Amino acid sequence: YESLLVLPFDDQYARLRWSIRANSQLGEIAVWSGDEQRARENLRAALETLNLVLAQPNLDEFLRAFWLTERARVLFFAGEIRLAMQDFRDAVSTAPNRPLTYAEPLILAVTHGLMREASEIFAQAMRHDLPPPLKLYFALWVHDLALRKGATPPAAAQEFIDGFRDEGWV
C-alpha cells in the first residue's frame, strides 16, 4: 500500500479517494479475518482522511453525499452502526435522488442481517425519485432479508413487488 502512494494521481481528490478506499478495504479484510487491531488501524486511517475531505466547504451536493456514504461504509465496518446510519441520513438529505446513496448502505445492512437498518434505508429510497427497477431490487432485498430472519416482509416491499410493471416484466 505505502509503496503505491508514490504513484502519480490526476489530482489530490484522486489520491485521497484511493487512500480512503485502500485503507477501508484493508480494514474490511481485517474485520473478516478477525484481526481487530489491524481493522481498527486501517479503518481509523480511512476515517481521518474522510473527515478531512468532508470538512472541505466547496464540496457540491453529490460529492458530499458520495463521501458521506463512504464514511457510513467505514463506520459500519468499525461497528459504529448508529453513526453509519446518521451519515446515511445526512447523505439522503444532501442528494436524495442519487441511487448509490441507498444502494451501498442497503447492501451492507442486508448482507449483515440488519433488518431495522435495511427497512429504514428501503423506506427512504421509496420516497425519492429513483428508477423503478432499482426500487424493485431494493424491495426484493428487504423482502428476502425479512424471510431469512423469519419475519414478515415490510408491507411496502410486498406491495411494490406485487404492483411492479415495466417493459419486459409481466
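This report walks through the overall fold, three helix pairs and an internal cavity of a predicted model.

## Overall architecture

Let's start with the whole chain. The protein chain has eight helices and zero strands, so its elements, read from the N terminus, run α-α-α-α-α-α-α-α. Along its principal axes, the C-alpha trace spans about 55 × 35 × 30 Å.

## Helix 1 with helix 2

Two packed helices are described by the angle between their axes and the distance between the axes. For helix 1 (residues 12–33) and helix 2 (residues 36–54), the angle is about 155° and the axes lie 7 Å apart. Because angles over 145 degrees count as roughly antiparallel, helix 1 is roughly antiparallel to helix 2. The crossing of helix 1 past helix 2 is left-handed.

If you would like to trace this contact on the structure, here are the residues. Helix 1 contributes Tyr-13, Leu-16, Ser-19, Ile-20, Asn-23, Ser-24, Leu-26, Gly-27, Glu-28, Ala-30 and Val-31. Their partners in helix 2 are Arg-38, Ala-39, Asn-42, Leu-43, Ala-45, Ala-46, Thr-49, Leu-50 and Val-53. By class, the residues of this contact between helix 1 and helix 2 comprise twelve nonpolar, six polar and two charged.

## Helix 4 with helix 5

Further along the chain, helix 4 (81–94) and helix 5 (residues 100–111) form another pair. Their axes come within 10 Å and cross at roughly 165°, which makes helix 4 roughly antiparallel to helix 5. This crossing is left-handed.

Phe-88, Ala-91 and Val-92 of helix 4 make the contact with Thr-101, Tyr-102 and Pro-105 of helix 5. Five of the residues in the contact of helix 4 with helix 5 are nonpolar, one is polar and none is charged.

## Helix 5 with helix 6

Helix 5 also packs against helix 6 (residues 115–126), at an angle of about 155° and with the axes 8 Å apart. That angle makes helix 5 roughly antiparallel to helix 6. Helix 5 passes helix 6 in a left-handed crossing.

Which residues of helix 5 meet helix 6? They are Tyr-102, Pro-105, Leu-106, Ala-109 and Val-110. On the helix 6 side, the contact involves Glu-117, Ala-118, Ile-121, Phe-122, Gln-124 and Ala-125. The residues of the contact of helix 5 with helix 6 divide into nine nonpolar, one polar and one charged. Tyr-102 and Pro-105 take part in this contact with helix 6 and also in the contact with helix 4.

## The internal cavity

Rolling a probe the size of a water molecule over the atoms shows where empty space is left. How many cavities of 30 Å³ or more does the count come to? It comes to one, and about 100 Å³ of space lies in the largest cavity.

The lining of the largest cavity consists of Thr-69, Ala-72, Arg-73, Phe-76, Ile-81, Ala-84, Met-85, Pro-105, Leu-108, Ala-109, Glu-117 and Ile-121. Helix 3 (61–77), helix 4, helix 5 and helix 6 are the elements that give two or more residues to this lining. Helix 3 provides the largest share, four residues. Sorted by class, the lining has nine nonpolar, one polar and two charged residues.

The cavity also ties in with the helix pairs above. Pro-105, Ala-109, Glu-117 and Ile-121 are among the lining residues, and these four belong to the contact of helix 5 with helix 6 as well. Pro-105 of helix 5 also appears in the contact with helix 4.

Terms used. Residues numbered from 1 in each chain as written. Predicted model: local features only at pLDDT ≥ 70, side-chain atom pairs only at ≥ 80, totals over all residues. Heavy atoms only, no water. Axes fitted to C-alpha atoms, helices over the stretch in contact; angles between N-to-C directions. Parallel < 35°, antiparallel > 145°, perpendicular 65-115°, else oblique. Left-handed = near helix turned anticlockwise from the far one by under 90°. Contact = heavy atoms within 4.5 Å. Nonpolar A, V, L, I, M, F, W, Y, C, P; charged D, E, K, R; others polar. 1 Å grid on protein atoms, 1.4 Å probe; cavity = no way out; pocket = protein on both sides within 12 Å on 5 of 7 lines; lining within 4 Å. Points joined across faces, edges and corners; volume = space filled by probe spheres on them.
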